[in-house]
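Me: Got a minute to go through this one with me? I'd like to start with the strands and then move on to the helices.

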Amino acid sequence: MSDDDLRDRLAELAAEAGRALPDPRDVRARGDRRRAGLTAAAAGLSVLAVVAGVVGVSFIADPTASFPGRASAQIPSSAPSGATTPPSPSDPAPSGVPATSQPRSPAPTSGPVSMTKIPANLSMLHEGEAGWTTDKDANVPGAFNPCGGVDVTAAGRTDARTLRGPGLPGEESHSPSKVTQQLILYASEQVATAAFVKLSKGGCGWIKSLMNPGDAESTHLARLRKAESYTQVPGVFWLHDAVVVRTGNAVLIAYADASGAGMTSNVADQEIDYILNPLCEARLVCR
Amino acid sequence: MRDSTEFDAFYTATGAHIMGQVYVMVGDRSETEDAVAEAYARAWQRWGTVSGYVDPAAWVRTVAYRIAVSSWRRAMRRRRAHDRARPPVTVPAPGPDTVALLEALRQLPATQRRAIVLHYLAGLTVAEIAAETASSESAVKARLTRGRAALADLLDDRKENTHE
């Protein structure tokens, strides 16, 4: 089969799907519905902006949260749509304020607070799941350190929590992965920002991935990837992903090492997405 | 101010290509249709920004692909499928060549499929694929070489089996 044959066959296959294009007015209407819904949600949740300093902790404090695609991640079938699971940015626009967009624990009670200690009752995304370990050592090395050497997450830390576990169950057979989710609190927003800037620079083989408008200029979210020589040798981690988010004085890192086929379904991205969706609905932090 | 005429022209000019490309990457027609529609809806939401990009179609394709492969989204779609009654959609049965090609594509790792589509369907260079997929050029070259070889093997095997 020549390259031209392959090109022709792929084009033929693609053309079949291309015939099913919806009317552009429908597509615009879909976009307008989402825009209107997000505006409503943002207005209803504007109070959250005032306490953005604690959001770094509180937005992941949902003890019922679980990660889709994992054995323990069952979406409650009895729950009304959008009531107990974080809405995806791609979901139809909410008609009101989604309950999940509000931080659950600890509940902010007054004006801006800069939390420097992670509450003992905080439950992070994979806490307690099979195969996951929790490390509450405030001085644990950063889950992501682009160029190695001095830990760029260390300066000014006041607390940290680190969870380590496997990749997605459906992909572990061919792409064994290690995933780390790490929340770090800093003494101030300035110190957290300094750590974020160092992490988000990339370099040393790390390439910034720009997926959405504003990614390049973002001062709060960075996604980076590093690919080494491809090998299918099990346990040789050749593909690495990191997503870093800074909000208030908190930095959240989702990091994944993949081996084998490297089919990780952007697991680090999904970790962050799942946590950020409620925040994005409230227009505090979006990708 | 968003210009709906400009957006509609962009959509009409690129929609079928993007739909086809994402379909070949993903291999699921209904997932593709929904993901592409969603990606264009997001583009319309931010049209003031997206229209200023060097290649807005590449942005839509990347977003559509990410939506389609997001397991979270798949889970939500499965759940919503129970919530709504949809009239059955009649889709003509694909021919044997189409089935064979789809089968072969499904056996490739997603990263190789994506590279193959971007190169052979979208006409992107290795450097452009590396930028769009956030990979190194050497990784893209490896994916193209391996994917191309695997496809040839899989399709030739099938041809031989058919003739036996």
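**Strands first, then helices**

Reply: Sure. Leu239(A) has Ala258(A) of β7(A) as its bridge partner. Keep in mind that this is a predicted model.

Me: How many bridges are there between β6(A) and β7(A), and in which sense do they pair?

Reply: Nine bridges, and the pairing is antiparallel. The two strands form a hairpin with two residues between them, and Gly248(A) there has a positive phi near 60 degrees.

Me: What about β3(A) and β7(A), how many bridges there?

Reply: Nine bridges, in the antiparallel sense. One pair you can look up is Val179(A) with Ala256(A) of β7(A).

Me: OK, so what is the strand order in the whole sheet?

Reply: It goes β1-β2-β3-β7-β6-β5-β4 in chain A, seven strands in an open sheet with antiparallel pairing. The edges are β1 (133-135) and β4 (207-208) of chain A, each of which pairs on one side only.

Me: And how many bridges hold β4(A) to β5(A)?

Reply: Two, with β5 of chain A covering residues 221-227 and the strands running antiparallel. Lys208(A) has Leu224(A) in β5(A) as its bridge partner.

Me: Back to β7(A): how many of its residues are buried?

Reply: Nine of the nine, so the strand is largely enclosed by the rest of the structure. Both faces are covered. One side has Ala250(A), Leu252(A), Ala254(A), Ala256(A) and Ala258(A), and the other has Val251(A), Ile253(A), Tyr255(A) and Asp257(A).

Me: Which helix lies across that strand?

Reply: Helix α5 of chain A, residues 189-200. It lies across β3 (177-186), β5, β6 (239-247) and β7 (250-258) of chain A, and runs at about 155 degrees to β6(A).

Me: How many helices and strands does chain A have?

Reply: Six helices and seven strands. Along the sequence they come as α-α-α-α-β-β-β-α-β-β-β-β-α. Chain A has 287 residues, and 47% of them are buried.

Me: Switching to chain B. Where does α1(B) bend?

Reply: At Thr14(B), by about 45 degrees. Helix α1 of chain B (residues 4-26) has 23 residues, yet its end C-alpha atoms are only 29 Å apart, short of the 33 Å a straight helix would reach.

Me: What comes just after α1(B)?

Reply: Gly27(B), with a positive phi of about 80 degrees. Then there's helix α2 of chain B, residues 29-45, which packs against α1(B) at an angle of about 145 degrees with the axes 9 Å apart.

Me: Which residues make that contact?

Reply: On the α1(B) side they include Phe7(B), Tyr11(B), Ile18(B) and Val22(B), and on the α2(B) side Ala35(B), Val36(B), Tyr40(B) and Trp44(B) are among them. The crossing is right-handed.

Me: What's the end-to-end distance in α2(B)?

Reply: Its end C-alpha atoms are 24 Å apart, which agrees with the 24 Å that 17 residues should span at 1.5 Å a residue. The helix is mostly covered, with twelve of its 17 residues buried. Glu38(B) and Arg42(B) are among the buried ones.

Me: Last one: Ala127(B), buried or exposed?

Reply: Exposed, because it has 10 C-beta neighbours inside 10 Å, and the cut-off for exposed is 12 or fewer. Ala127(B) sits in helix α8 of chain B, residues 126-133. Its C-alpha atom is 8.3 Å from that of Val140(B), 13 residues apart along the chain.

Methods: Residues numbered from 1 in each chain as written. Chains lettered and ligands numbered in written order. Predicted model: local features only at pLDDT ≥ 70, side-chain atom pairs only at ≥ 80, totals over all residues. Pairing = 2+ DSSP bridges. Helix = DSSP H or I, 4+ residues; strand = E, 2+ residues; numbered from the N terminus. Contact = placed C-beta atoms within 7 Å. Axes fitted to C-alpha atoms, helices over the stretch in contact; angles between N-to-C directions. Buried ≥ 20, exposed ≤ 12 C-beta atoms within 10 Å, placed from the backbone. Expected span 1.5 Å × (residues − 1). Bend = angle between axes of the 7 residues up to and from the residue. Left-handed = near helix turned anticlockwise from the far one by under 90°.
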